[in-house]
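Please open the model in a viewer and keep the sequence panel beside it. The tour proceeds by selections, each followed by an account of what is found there.

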Amino acid sequence: MQQTHSRWHEVRQLLIIGWPIIVAQVSQTGMGFVDTLMSGRYGSQDLAAVAIGSSLWLPIFLAFQGVLMAVTPLVAHQVGGDQLRGTRDTMLQGVTVAVVLGALAIVLLHNCRPILDWMSVEPALAEKTSAYLEAISWGFPAIMLYQVIRSFSEGFGKTRPIMKIAIIALLANIPLNYIFIYGKFGLPEMGGVGCGWASALVMWITFAVGFLYLRRSETFSACDLWRTAYLPTFGALKNFLKLGLPIGMALLIEVSMFAIIALLLADLGETIVSSHQVTLSFTGMVFMVPLSIAMALTIRIGQQLGAGNTQGARFSASTGVMITLCCSIFSSGCMMLFSKQVAAIYTQETEIILIAAELIAIAAIFQFSDAIQVSCAGALRGYKDTTLPLIIVFISYWMIGLPLGITLAKTDLITSAMGPHGFWIALVIALTIAAVLLGARLIWKSRVTLQR
């Protein structure tokens, strides 16, 4: 009876931290949904440009975001150990890295045309995609700095303000998209490229609101954030990157596989690319629920370990995995039952709807594996264990998933070329392997930490 009470208490604690993250993540992903929806309504070529462009900038964004996510477990451990002044040093390390990453993103996104040419994207589509990427690149310095603010706040367990900022960003994105896509208030009509300019402006709005929150919140007054700034030492940055780089690389490996799939499908035509993008957009929104619980696990476990409560950290990990599995049962059932209705939200073209519905039905199968792997990865970040999870993700996705996907989708070695269906079947296999290995790692890590 006592254990049941404790379990429900832990569920409640995780949900208190996690539900605002869910809203924030869904709102952030909702911006991609809005871009896909509005560009698709404008024209199929604009939808394809946004789809291919997103497959290039999203991996960069998520990889860089992952590096900066190191702020969360570092701050969570410091908060759990009542070392609030030390959080300022972590914040400065994050800001320094964010400035470098923001500048690097601009350079990378302004030089993507050779990749598009290499992938044989038709010239008109490649031109529009390049313009979209250049536009959105100008928002990267702002969104990198905001990620530091977000991770810092989440390390304290303060997730509701981040939720509110994400909602503001989503609400701002809708009218700004309309203005830039259709050329209102004297602006030229830009189509899909307008989504890039709208997103860049939203990124700066997000950073501005986040900075005001950080400046005015009494939560961080004891951290003494605003005393004279200094550049972090090489040793401090090395320790920060030792934790953050594996997180960023793991996210890059996972997301880049989806991006590579989109690029490999580009030569099959706009209909196939658009169908894949519709599926990816929707499953990405669904994924935000287990991802948010995983982020809550990082915070909860980090704070408990900082306070020396190793038993509580292990209990939190098992509870979080159970929550994500329960969520996956619901999401999988809905995706199986309403795949056509979901696809019809994005587009009115019958062929795209039919193909996307088939892909969504396949994606429903891997909801369980996805829930396990992401929650275990989030828990391991709370343990500051990021290097071996990176290796596991690399093996599962790049050494097994992607080669198998190419074989099934583009060749006749195993069966007749399956097109996009082959890639999504390979994803099911890759995610299952990752779930098993990350689950085993979490069990081992929590046991070893408990015995110390």
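## First stop: a charged pair in helix 7

Glu154 and Arg150 are 4 residues apart in helix 7 (residues 140–155), and they are therefore separated by about one helical turn. An α-helix has 3.6 residues a turn, so residues three or four places apart point the same way. This is a predicted model, and the distances given on the tour are computed from it. Select both side chains: Glu154 forms a salt bridge with Arg150, with 2.8 Å between the closest N and O atoms. Are these two residues buried or exposed? Glu154 has a relative accessibility of 3% and counts as buried; Arg150, at 2%, is buried as well.

## Second stop: the network around Arg113

The salt bridges that share partners are elsewhere: they join Arg113, Asp117 and Glu127 into one network. Select these three residues and begin with Arg113 and Asp117, whose salt bridge has its closest N and O atoms 3.1 Å apart. Both belong to helix 5 (residues 113–118), where a spacing of 4 residues separates them by about one helical turn. Next, display Glu127, whose side chain meets that of Arg113 in a salt bridge of 3.0 Å, N to O. This pair links distant parts of the chain, since Glu127 is in helix 6 (residues 123–137) and Arg113 in helix 5, 14 residues apart. Arg113 is partly exposed at 27% relative accessibility, and Asp117 is partly exposed at 43%. A search of the whole structure gives 4 salt bridges.

## Third stop: Thr206 in helix 9

Move to helix 9 (residues 192–216) and select Thr206. With a relative accessible area of 7%, Thr206 is buried. What lies 2.8 Å from a polar atom of its side chain? The backbone oxygen of Val202 is found at that distance from the Thr206 side chain. To see the surroundings of Thr206, add Ile143, Tyr146, Ile165 and Ala169, which are its contacts once neighbours within four places in sequence are left aside.

## Fourth stop: helix 3 and the residue after it

Select residues 71–80, which make up helix 3. How many of its 10 residues are buried? The helix is mostly covered, with 8 of them buried. The buried residues in helix 3 include Val71, Leu74 and Val75, together with His77 and Gln78. Continue to Asp82, just after helix 3, where phi takes a positive value of about 60 degrees.

## Fifth stop: Ala357 in helix 14

Go to Ala357 in helix 14 (residues 350–365). Its relative accessibility is 5%, so Ala357 counts as buried. Leaving aside neighbours within four places in sequence, Ala357 is in contact with Ser339, Lys340 and Ala343. For a distance to check in the viewer, take the C-alpha atoms of Ala357 and Gln341: they are 8.2 Å apart in space, with these positions 16 residues apart in sequence.

## Sixth stop: from a loop to a surface patch

Select Lys384, in the loop between helix 15 (367–382) and helix 16. Its phi is near 60 degrees, a positive value in a residue other than glycine. Lys384 has a relative accessible area of 40%, and is therefore partly exposed.

Proceed into helix 16 (residues 387–410), where Leu388 is found. Leu388 is partly exposed, at 32% relative accessible area. Which residues form a nonpolar patch on the surface with Leu388? Add Ile391, Phe394, Ile395, Trp398 and Met399 to the selection; together with Leu388, they have about 510 Å² of accessible area.

## Last stop: the whole protein

Finally, restore the full view as a cartoon. The protein has 17 helices and 0 strands. Its radius of gyration is 21 Å, close to the 22 Å that the globule rule gives for 452 residues, so the protein is as compact as a globular protein of that length. Along the principal axes, the C-alpha atoms fill a box of roughly 55 × 50 × 35 Å. Of the 452 residues, 58% are buried. Among contacts with a separation of 6 or more, 82% are between residues 24 or more positions apart. A surface display shows an accessible area of about 18,500 Å², of which 68% belongs to carbon and sulfur atoms.

Note on methods:
Residues are numbered from 1 along each chain as its sequence is written. This is a predicted model: local features need pLDDT of at least 70, side-chain atom pairs count only at pLDDT 80 or more; totals for chains, interfaces and linings use all residues. Side-chain values use heavy atoms; hydrogens and water are left out. Patches are made of residues with over 30% relative accessible area and no salt bridge: like charges are joined within 9 Å, nonpolar side chains (Val, Leu, Ile, Met, Phe, Trp, Tyr) within 5 Å. Accessible areas come from the Shrake-Rupley method with a 1.4 Å probe; for residues, only the protein chains shown count as cover. Helices (H or I, at least four residues) and strands (E, at least two) are DSSP runs, numbered from the N terminus. Buried means under 20% relative accessible area, exposed over 50%, partly exposed in between (1.4 Å probe, protein chains only). Contact means heavy atoms within 4.5 Å. A polar contact is a pair of N or O atoms within 3.5 Å; within protein, one must be able to donate a hydrogen and the other to accept it, and residues adjacent in sequence count only if both atoms are side-chain atoms. The radius of gyration is taken over C-alpha atoms; the globule rule is 2.2 Å times the number of residues to the power 0.38.
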